[in-house]
Amino acid sequence: MSDSGVQLSLFQPSDMLAMSSRAGAPTQSTRIDSPEAFAALLRSFDGAARLAFDTETTGVDMTRCELIGLSFCTQPGFGTYVPVGDVGGETWSLRIGTAEWEQLQVALRHTPAQLAAHNAKYDLGVLKRHGLPIRRLVFDTMIAQYAVAPLRRTGFGLKALAYDHLGWGMSEIADLIGHGNRQLSMRDVPLDWVVPYACADADATFRLVDVLSSQVEALGLQHLLNEVEFPLVPVLVDMELAGVAIDTANLAALSGEWTTRLRAVEAAIFHHAGRAFNVGSPQQLSKVLYQTLGLPVRIRDDDSVPSTRAYTLENLRESHPIVPYVLEHRELSKLLGTYADALPGMINPRTGRLHTTFNQAVVITGRLSSSHPNLQNIPITSELGRRVRQCFVAQSGGRVLSADYSQVELRLLAHLADDPVLRGCFERDEDVHASTAAAVYNVPLSSVTPEQRAFAKRINFGICYGMGAYSLARSTGMSEMQAQNFIAQYFRRFSRVKVWLDGTRRKMSREHFVATLYGRRRPFTDMTEQTAVEQRRAERLAINHPVQGTAAEVIKIAMIKLHAGLTAGGYRSLLTLQVHDELVLDVAPGETEAVRELVRKEMETAVPLSVPLKTEIGIGPNWNDAK
């Protein structure tokens, strides 16, 4: 919901009543209209087995929106709506910060009922911002559905789930507030329309718990949800509400410098092309590179246009002086548009910090993603990307701490495959890439060259991602036969790894799914009618999922334990970012050493494995220097 501040009515009452009648939700809705009715509602929580709840707000950003109402459901078919704040006229409403507000907090804390919500992170974040933190496990129907069927084509919204599982054709929010620049705030919608809409949401959530719980149990996903995903929700709430501190002056300086450089780079591109054109257009760039300048065509995209993708251009870097400029133009344009120019305008004026959104129901392996803005894709290997990271700083007088799991995917491969040789490398704290190089090149460990180690590193990580001889040859320039020989030598050294890989492929082919250590499934369709290319891709995904998915579970558990440790210890330091295998903290003054040891302990003991987990920790005035 977007609070546009528009104060007009888009609909006539008869239109809205017609919309409400299409809801298809058999929910009897009640509005709380007096202190006595509110007190009775709270008393009803004590005898409930389940309490589903939902918030109504003025927008979709939980760090900025205002709470205008709460809906509850304690039995199917009945919903109750509590208006919050100023609703105008003589209508009773629950006032934030009053004794009644405190009574609601106590009731939610002590009710024996199972709490349930859809996209609970949003509701919990809104409530916490308004002084009503909920520190209990909440059954999240969105996350449960994602665990059960991550490849659903109809999405994971409440309305889609209600239609598919309950047969309800529920009204969408746009039916109440409209679209575009004439969109209303939910605060401006009459209560008589809001109440049935909100109560139906709570009722649908209540009923979906039964449907999804049975599916969760049938697939053995209880442990994943109750020990990993649901407990992670309040951790993400606190991370999103905390936000990150940004050095806006440094960003502004970068913007000016890079804008000047971008103009110079564009001029160089036009000089080499012999004319001006839209460098950002793949079609126009392809024509210039391959028709005007005659660069060799290595790869064509699906529409048969010669490729201008980054991978292709990197391989053409030495073919013509225009190519390095094109690559630099792309990086500058992306970093300017996504970060240097965009981030200052996204800083919350109330907190003075930048708040991202972490998503649990996007990446099929279970990895968290980041959006609005995406803070997981800032390049770390390029100088320009590192300069963006320098703009992420600590609270006044504090330090930034970056903690990164060392080679976690390879350690998990050693555990999952139960390979004694690979396990031994980690148990002895050897350089696993050098050890692999010694094996595939059949040389003593002390004789491994940097080039051999770099090549072995590609093999090690490639194995985790299901890379075959063709992919290895393509990425290294060697022949496919040479690549096959190297992989064969690898498997002679780490024979249990090959057994595990082959077993994973068979499981995918026979049972049409693979799973992580905590049971997160990646489903596959029957491959009997797939092409050889499709089958190879499916095999790569099947091998990657248990490794990368388990890595996601490991760091999520570490986040839960670290968050609990920070809270129990009364630390002022904040867990602010998660980027794949890395956690970033904003460490308060005077807490550096204590927090460093807490981070190391919780990350390295997060999950019991047959190999040790190792964490690399850096501390500095900004994210880049800490990393």
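**Exercise 1.** In which loop is the place of Pro-373?

*Solution.* In this predicted model, Pro-373 has its place in the loop between β9 (369-371) and α15 (383-389). The next step is to look at the peptide bond that leads from His-372 to Pro-373, which is cis, with omega near 0 degrees. His-372 lies in the loop between β9 and α15, and it has a positive phi of about 55 degrees although it is not a glycine. Finally, because exposed means over 50% relative accessible area, His-372 counts as exposed at 62%.

**Exercise 2.** Decide whether Gln-578 is buried or exposed, and describe its surroundings.

*Solution.* Begin with the position: Gln-578 is found in strand β14, which covers residues 574-579. Its relative accessible area is 3%, and since buried means under 20%, Gln-578 is therefore buried. A polar atom of the Gln-578 side chain lies 2.9 Å from the backbone oxygen of His-580. If residues up to four places away in sequence are not counted, Gln-578 touches several others, among them Met-239, Phe-358 and Met-559.

**Exercise 3.** Work out how helix α9 is oriented relative to helix α23.

*Solution.* First take the geometry: the axes of α9 (residues 222-242) and α23 (residues 532-568) come within 9 Å and cross at roughly 60 degrees, which means that α9 is oblique to α23. The crossing in which α9 passes α23 is left-handed. The residues of this contact divide into eleven nonpolar, one polar and five charged. Including Leu-224 and Met-239, residues of α9 meet residues of α23 such as Met-559 and His-563.

Note on methods. Residues are numbered from 1 along each chain as its sequence is written. This is a predicted model: local features need pLDDT of at least 70, side-chain atom pairs count only at pLDDT 80 or more; totals for chains, interfaces and linings use all residues. Side-chain values use heavy atoms; hydrogens and water are left out. Helices (H or I, at least four residues) and strands (E, at least two) are DSSP runs, numbered from the N terminus. Buried means under 20% relative accessible area, exposed over 50%, partly exposed in between (1.4 Å probe, protein chains only). A polar contact is a pair of N or O atoms within 3.5 Å; within protein, one must be able to donate a hydrogen and the other to accept it, and residues adjacent in sequence count only if both atoms are side-chain atoms. Contact means heavy atoms within 4.5 Å. Axes are lines fitted to C-alpha atoms, for helices over the stretch in contact, and angles run from 0 to 180 degrees between N-to-C directions. Angles under 35 degrees count as roughly parallel, over 145 as roughly antiparallel, 65 to 115 as roughly perpendicular and the rest as oblique. A crossing is left-handed if the near helix is turned anticlockwise from the far one by less than a right angle, and right-handed if clockwise. Ala, Val, Leu, Ile, Met, Phe, Trp, Tyr, Cys and Pro count as nonpolar, Asp, Glu, Lys and Arg as charged, and the others, Gly among them, as polar.
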